[in-house]
Amino acid sequence: MEFDAVVLAGGGSTRFGGVDKAMLVLDGMSLLDRVLTATAGAASTVVVGPVRKTYRDVDWTVEDPPSGGPVAGLAAGLTFGTASVVVVVSCDLPWITEEDVTALVAGLGDRDGFGLRDTDGQEQQLAAAYRRTALAQAIQDVGDPRDKSVRRTLAGLDLAWTDPTHAGNDVDTWSDLDD
């Protein structure tokens, strides 16, 4: 099934002391490039955040106004592509693979979204495949997307989740890179 990818890479990385988390290197590859590798099968890919050097060509955008949070980033990213399925991935998910992305798209079924759980069982709304129309409607329903909660924005969607998996683990602190 065809899908577009929206990669969120615009956060402030405050827990990293302002270091650009997207450009942190793990096993010789930036976190952003690791996510771009996992989403390489997308019909179109847009990265929401400042333009950086990446291993493959992608589209770039930022939320308007900048620094509006992930829901505003999703709203900006959804203006790219036309596929009925959108895979949303934050740049701090370095263990997600192309196989994981394929499984998310395949597992969508009739639901609005299908996402990863991390090894603690936490649902990762920013590591999921969504029906474009359902995701766009949820964002429209919150009005101004700036500084809105992702969980609250997507709460009305019919979502399902994988079993806990390392692919769903995100990097929020330096020690998370040691997983």
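A residue is taken as buried when its relative accessible area is under 20%, as exposed when that area is over 50%, and as partly exposed in between. In the predicted model described here, I139 has a relative accessible area of 6% and is therefore buried, whereas E98, at 37% relative accessibility, counts as partly exposed. These two residues are taken up again below, after an account of the overall fold and of its nonpolar interior.

The secondary structure of the chain comprises five helices and nine strands, which follow one another from the N terminus in the order β-β-β-α-β-β-α-β-α-β-β-α-α-β. The radius of gyration is 15 Å, close to the 16 Å that the globule rule gives for 179 residues, so the chain is as compact as a globular protein of that length. The C-alpha trace spans about 40 × 35 × 30 Å along its principal axes. Of the 179 residues, 52% are buried, and among contacts with a separation of 6 or more, 68% join residues that lie 24 or more positions apart. The accessible surface of the chain comes to about 8,300 Å², with carbon and sulfur atoms contributing 48% of this area. The chain carries 14 positive and 28 negative charges, and the mean positions of the two sets are 4 Å apart.

The largest nonpolar core holds 28 residues, of which F3, V7, L32, V47, V87 and I96 touch the most other members. Two or more residues are given to this core by each of β1 (4-8), α1 (31-38), β6 (85-90), α3 (98-107), β7 (113-117) and β8 (123-131), and the greatest contribution, of four residues, comes from α1. Apart from this core lies another, of 19 residues, which includes L8, V46, L78 and A138. The surroundings of V87 show how distant parts of the sequence come together: once neighbours within four places in sequence are left aside, V87 is in contact with F3, D4, A5 and V6, with V101 and V105, and with A128 and A129.

Helix α4 (residues 132-141) has as its buried residues R132, A134, L135, A138 and I139. An α-helix has 3.6 residues a turn, so residues three or four places apart point the same way. The cover over the buried residues of α4 includes β1, α2 (70-77), β6, β8 and α5 (150-154). Just after this helix, G143 adopts a positive phi of about 75 degrees.

Within α4, the buried residue I139 is in contact with V71, L74, A75, L78, P145 and T153, its neighbours within four places in sequence being left aside. By contrast with these contacts, the C-alpha atoms of I139 and V171, which are 32 residues apart along the chain, are separated by 25 Å.

The partly exposed residue E98 lies in helix α3. With neighbours within four places in sequence again left aside, E98 is in contact with T37, A38, A40 and G41. As for A40, its C-alpha atom lies 7.2 Å from that of E98, although the two residues are 58 apart in sequence.

Conventions:
Residues numbered from 1 in each chain as written. Predicted model: local features only at pLDDT ≥ 70, side-chain atom pairs only at ≥ 80, totals over all residues. Heavy atoms only, no water. Rg over C-alpha atoms; globule rule 2.2 N^0.38 Å. Buried < 20%, exposed > 50% of the residue type's maximum accessible area, 1.4 Å probe, protein only. Contact = heavy atoms within 4.5 Å. Areas by Shrake-Rupley, 256 points an atom, 1.4 Å probe, with all protein chains shown as cover. Lys, Arg positive; Asp, Glu negative; His and termini not counted. Charge placed at Lys NZ, Arg CZ, Asp CG, Glu CD. Core = buried A, V, L, I, M, F, W, Y, C linked by side-chain atoms within 4.5 Å.
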